[in-house]
Amino acid sequence: MRKATFLIVLLTFLAPQLTIAASGKALQPKQTPLKLIVCPAHDNGHVKKEYLLLVDRLQKELGRRVRLFGVQRYGRFATLLRRGSVDMGIVSLQALDELDKRGLRDEVRVVAAQVLDNKARYRGVVVTKSGNGIASMDDLAGKTLAIPDYRSYSAWRVIQGWFKSRGVTPSRFLGQVEQAGGHVEALRQLVDDDVDAAAVSSLTFYQAEQMGMDVDQLLPIYKTKQIPFDGFCVATKLDDETVRQIEMAVLAFKGRTPLGKIVLEWRRATNESYVP
């Protein structure tokens, strides 16, 4: 049997254990559960917990079970949508762009945009350390650049525009590209002097001090265009009343850290908010 090239992480089948508030609707056991797909799936444990809380709120509003799945590959999300196996999605701009390429963009409608730390958009940032002798992207010729991985939209795919504008490819211009496995890991490689520069999301860069990093030595040398955080979309096959209830639940949601700081909420958005 051909080995699957995608990873699907079932984040919960815990619906029977979720507490339904007295003000919420009673769950209807005979109804088919709605499926909420996260693409790409996040490895951050706290984010997963927030999504589970969002599932809880959706169930209370809909009176219907919601199952949460994570999908890593954009193509897999498109396949599930084509099969009718997607009711709702928390998806990146790139995932929506992939749907557009496959002629499936009209199968979903964006109803909300994710807001993190009160920011609706972010950028990719290329950072070096002061004293490295690097003042601009041109100085990275022959140097080592750490990135989260080649799938990263903000920290790899978007910065390809700079290389194209110079008529070069990263493999020929840079000395080496290190896949660190995550944004924080890429930045830490720079702090530890393992690489000459690192490409990360602006959110990671601005939170570096909270992670115990010496931010005074970090020097941004390039910023990408603004990128919207993940969007919440609904399948167009859903009826208007169900979509209205979903919108109410999502827009009222706020996820908080143990310290009480708001890190995840949603604002109303449309398809036009997610045009590459």
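Against which strands and which helix do the buried residues of H7 pack? In this predicted model, the buried residues of H7 pack against the strands S7, S8, S9, S10 and S11, and also against helix H8, which covers residues 202–206. To see how that arrangement comes about, it helps to begin with the whole chain and then return to the helix.

The chain has 276 residues, of which 49% count as buried, and its secondary structure comes to nine helices and 15 strands. Among the contacts in the chain with a separation of 6 or more, 79% are between residues 24 or more positions apart. The chain exposes about 14,000 Å², and carbon and sulfur atoms supply 47% of that area.

Inside the chain, the largest nonpolar core has 53 residues, and those with the most contacts inside it are Leu36, Leu58, Met88, Phe232, Ile246 and Trp266. Leu36 shows how residues from separate parts of the sequence come together: leaving out residues up to four places away in sequence, Leu36 touches, among others, Val55, Leu58, Val66, Phe69, Met88, Ile90 and Phe232. Apart from this core lies another, of 16 residues, which includes Val126, Leu145, Ile159 and Ile221.

We can now turn to the strands named at the start. Five strands form an open sheet in the order S9-S8-S10-S7-S11, and their pairing is mixed. The edge strands are S9, at residues 176–179, and S11, at residues 218–223, each of which pairs on one side only. From one strand to the next, the twist averages 30°. Within the sheet, strand S7 (residues 124–129) and strand S10 (residues 197–201) pair in the antiparallel sense over five bridges, and the bridge partner of Val125 in S10 is Val200.

Helix H7, made of residues 183–191, lies across S7, S8, S9, S10 and S11, and runs at about 155° to S10. Its buried residues are Ala186, Leu187, Gln189, Leu190 and Val191, and these are the residues that pack against the five strands and helix H8. In an α-helix there are 3.6 residues a turn, so residues three or four places apart point the same way. Just after H7, Asp193 takes a positive phi of about 65°.

The loop between S9 and H7 is the place of Ala180. Is this residue buried or exposed? Ala180 counts as buried because its relative accessible area is 18%, and the limit for a buried residue is under 20%. Leaving aside neighbours within four places in sequence, Ala180 is in contact with Ile147, Pro148, Glu185, Ala186 and Gln189, and two of these contacts, Ala186 and Gln189, are themselves among the buried residues of H7. Ala180 and Ala146 are 34 residues apart in sequence, yet their C-alpha atoms are 6.3 Å apart in space.

The aromatic residues add a last part to the picture, for the structure holds seven aromatic pairs. A pair of aromatic rings is described by the distance of the centres and the angle of the planes. Phe205 and Tyr206 form one such pair, which is tilted, with 5.2 Å from centre to centre and 55° between the planes. Phe205 is buried, because its relative accessible area is 12%. Elsewhere in the sequence, Trp162, Phe163 and Phe173 form one aromatic cluster.

Conventions:
Residues are numbered from 1 along each chain as its sequence is written. This is a predicted model: local features need pLDDT of at least 70, side-chain atom pairs count only at pLDDT 80 or more; totals for chains, interfaces and linings use all residues. Side-chain values use heavy atoms; hydrogens and water are left out. A nonpolar core is a set of buried Ala, Val, Leu, Ile, Met, Phe, Trp, Tyr and Cys residues joined through side-chain atoms within 4.5 Å. Buried means under 20% relative accessible area, exposed over 50%, partly exposed in between (1.4 Å probe, protein chains only). Contact means heavy atoms within 4.5 Å. Two strands pair if DSSP finds at least two bridges between them. Helices (H or I, at least four residues) and strands (E, at least two) are DSSP runs, numbered from the N terminus. Axes are lines fitted to C-alpha atoms, for helices over the stretch in contact, and angles run from 0 to 180 degrees between N-to-C directions. Rings of Phe, Tyr and Trp (its six-membered ring) pair if their centres lie within 6.5 Å; planes under 30 degrees apart count as stacked, over 60 as edge-to-face and the rest as tilted. Accessible areas come from the Shrake-Rupley method with a 1.4 Å probe; for residues, only the protein chains shown count as cover.
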